[in-house]
Amino acid sequence: MFSILRETSIQEIHETLNKIEENQISNFCNEIINHKRIYLFALGRALLAGRALIMRLMHMGFEAYVVGDLTTPSFCEGDFLIILSASGETDISLVIAEKAKKFKGDIALITSMPESRLGKMADNIVKIPSQTKDIDISAPASIHPMATTYEQSMLLLFDIAVLMIMKQKNISVDSMRKLHANLE
C-alpha cells in the first residue's frame with residue numbers, strides 16, 4: 001500500500017507543479033527581491049509552508065516576518081505581504097489584506113482560486129491548481145484530503161522560488177549558513 005500511495009502522491013505534486021505558470025512564480029520572486037520588508041500571513045498547514053519560506057528569506061538576508069509573531073514590526077507603505085489561502089476567501093485573510101492596502105503595501109496571494117475576493121485585492125497571484133478544503137470540481141482530483149496537495153505543492157514551490165532568488169541575487173549557501181540559528 002505504501003508504494004502505491006507514495007507514487008500517487010508524488011505524481012499529484014508533479015502534475016500540480018507542472019501546471020503553475022512560470023511567469024507567475026518569476027513575478028513573485030521579483031516582488032520579493034524588490035521589497036525591503038516581506039510579511040507572510042497564513043493559517044493552518046499553509047502557515048507551516050509559509051514559515052519555511054520566511055525562514056529561507058531571512059537566511060538570504062531579507063527582512064522577513066510572520067504576521068502575528070511577537071517580534072513582527074509594524075507594516076508600512078511599500079512593504080510586501082504574502083497571503084496563503086487556498087480558497088482566497090478566508091475572512092481573517094481579507095481583513096489583513098484590507099489593512100495592508102490601507103497602509104499602501106503590496107500583496108501577493110498564493111491560492112487555488114485567483115478569482116476569489118482576495119484575488120481581486122492582490123497585486124501578484126500564483127495559482128496552485130488543486131483542491132481546497134471545500135470540493136472544487138474544476139480542480140484535479142486528489143487522493144489527499146482537503147487542501148493537502150495545495151500545501152505540499154506550495155512547500156516545494158517555495159523551495160524552488162528560493163533557488164530562483166539565490167541565482168538571481170547570486171546568494172551562496174555559505175552566506176546563508178552564516179544567518180542560520182546557532183543557539184541550538
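**Exercise 1.** In this predicted model, work out what links Arg117 and Asp91, and where the two residues sit.

*Solution.*
- Start with the atoms: the closest N and O of Arg117 and Asp91 are 3.8 Å apart.
- Now apply the cut-off: a salt bridge needs such a nitrogen and oxygen within 4 Å, so the pair is a salt bridge.
- Next, find the elements: Arg117 belongs to helix H5 (residues 117-121), and Asp91 to helix H4 (residues 91-102). With their positions 26 residues apart, the pair links distant parts of the chain.
- Check the surroundings: Arg117 is partly exposed because its relative accessibility is 43%, while Asp91, at 57%, counts as exposed.
- Finally, look for partners: Glu89 joins Asp91 and Arg117 in a network of salt bridges.

**Exercise 2.** How are Arg177 and Asp174 placed in helix H7?

*Solution.*
- Count along helix H7 (residues 173-177): the two are 3 residues apart, so about one helical turn separates them.
- Then look at the side chains, which meet in a salt bridge at 2.8 Å, N to O.
- Are they buried or exposed? Arg177 has a relative accessible area of 55%, so it's exposed; Asp174, at 53%, is exposed as well.

**Exercise 3.** Zoom out: does the radius of gyration of the chain agree or disagree with that of a compact globule?

*Solution.*
- Take the expected value: for 184 residues, a compact globule would come out near 16 Å.
- Compare it with the chain, which has 16 Å, so the two agree.
- Add the burial: 44% of the 184 residues are buried.
- Round off with the elements: the chain has 7 helices and 5 strands.

Terms used
Residues are numbered from 1 along each chain as its sequence is written. This is a predicted model: local features need pLDDT of at least 70, side-chain atom pairs count only at pLDDT 80 or more; totals for chains, interfaces and linings use all residues. Side-chain values use heavy atoms; hydrogens and water are left out. Helices (H or I, at least four residues) and strands (E, at least two) are DSSP runs, numbered from the N terminus. The radius of gyration is taken over C-alpha atoms; the globule rule is 2.2 Å times the number of residues to the power 0.38. Buried means under 20% relative accessible area, exposed over 50%, partly exposed in between (1.4 Å probe, protein chains only).
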